[in-house]
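Q: I'd like a close look at one part of this model, please. Pick a helix-helix contact, go through it slowly, and then tell me how some single residues sit.

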Amino acid sequence: MAHIPDSLLAGYRNFMNGRYASESGRYRALAREGQTPETMVIACCDSRAAPEAIFDAGPGELFVVRNVANLVPPYEPDGEFHSTSAALEFAVQSLKVKNIVVMGHGRCGGIGAALNVNAAPLSPGDFIGKWMSLIAPAAETVSGSTLMTQSERQTALERISIRYSIANLRTFPCVSILEGKGRLTLSGAWFDISSGELWVMNRATGDFERPEEKA
Ligand SMILES: [Zn+2]
C-alpha cells in the first residue's frame, strides 16, 4: 500500500488547491523551459529555517542546498562523495546563478554540537562529528572563551561558520573566477528563528547587520 504521513498528504492537497492552482502556469512553463534561478542558497537542514519560506520564494526562484549547519567544505577534487560541492558545481557551471547566499540561523543544533566538544557521537559513524570538524579550530577557540555566555558562544560560532563557508566557496576555482569577473556575488545571512529577524553580513567587515528598510 502506498504510504506517506497523513500530515504531508493534507499539506499536498492544500498545495494543489492553493499554490499550484494559482501558479500552475508558472509550473508548466518551468517544466517546459527548465529552471533558471538566479540565486543559490546554502542553508541548514533545520526545519525552522526554510529558505523558500524566509525569502517568500516561488517555484524556480531559489536553488537550495541544505546540510547540517550550512557548511561549505573546501575545494577537494579527491574523487570522494561531495554532495554540497556537486550542488555548487551545478549551480555555478550549469545554471550560472548570479548570487550565492550562505544562510545560518540561531539555535543551530549542528553548531551546538560543534561547541559541545566532549559529547558522545550520536551513532558509531559519527557523521555529524566528522562534518562539524570542518570548523573544529573555530569551535575550539569559541568554546574555550569563558568570558562569553553559552548563547553568545553559540551565536558567535554560527556567524563565524558563515564567514568560513564563504571563504571556502572562494577555494572553488569556478567561484573565484566568476566572482573576480563580477558575475557572481557571495553573501552571508543569519536568521533569528524566534524574532524572524534576518541579519546580513557586511562584505567589508564581516559583521552581521540588520538590512536597511527600503520604502
Ligand atoms: Zn542549523
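A: Here's the helix pair, followed by the core and a few single residues. Keep in mind that this is a predicted model, where local features need pLDDT of at least 70, side-chain atom pairs count only at pLDDT 80 or more, and totals for chains, interfaces and linings use all residues. Residues are numbered from 1 along each chain as its sequence is written.

The pair is α6, residues 136-143, and α7, residues 150-169 (helices are DSSP runs of H or I, at least four residues, and strands are runs of E, at least two, numbered from the N terminus). Their axes come within 10 Å and cross at roughly 155° (lines fitted to C-alpha atoms over the stretch in contact, with angles from 0 to 180 degrees between N-to-C directions). So α6 runs roughly antiparallel to α7 (over 145 degrees). The crossing of α6 and α7 is right-handed (the near helix is turned clockwise from the far one by less than a right angle). On the α6 side, the contact uses Ala138, Ala139, Val142 and Ser143, while α7 brings Arg153, Ala156, Leu157, Ile160, Ser161 and Tyr164 (C-beta atoms, placed from the backbone, within 7 Å). Sorted by class, that's seven nonpolar, two polar and one charged residues.

Now for the core. The largest nonpolar core has 43 residues, and Val41 and Ile42 touch the most other members (a core is a set of buried Ala, Val, Leu, Ile, Met, Phe, Trp, Tyr and Cys residues joined through C-beta atoms within 7 Å). Leaving aside residues up to four places away in sequence, Val41 touches Pro51, Leu62, Val64, Val101 and Met103.

Next, two leucines. Leu88 sits in helix α3, residues 83-94, and is buried, since 25 other C-beta atoms lie within 10 Å (buried needs 20 or more, exposed 12 or fewer, and partly exposed is in between). Val72 is 16 residues from Leu88 in sequence, and their C-alpha atoms are 9.2 Å apart. Leu122, in the loop between α4 (109-115) and α5 (127-132), counts as exposed because it has 11 C-beta neighbours inside 10 Å. From Leu122 to Gly182, 60 residues along the chain, the C-alpha separation is 43 Å.

Last, some backbone oddities. Most residues other than glycine have a negative phi. Ala69, though not a glycine, has a positive phi of about 70°. Ala69 lies in the loop between β2 (62-67) and α3 and counts as buried, with 27 C-beta neighbours inside 10 Å. Asp126, another non-glycine, has a positive phi of about 45°. Asp126 is in the loop between α4 and α5 and is partly exposed, with 13 other C-beta atoms within 10 Å.

Methods. Parallel < 35°, antiparallel > 145°, perpendicular 65-115°, else oblique. Contact = placed C-beta atoms within 7 Å. Nonpolar A, V, L, I, M, F, W, Y, C, P; charged D, E, K, R; others polar.
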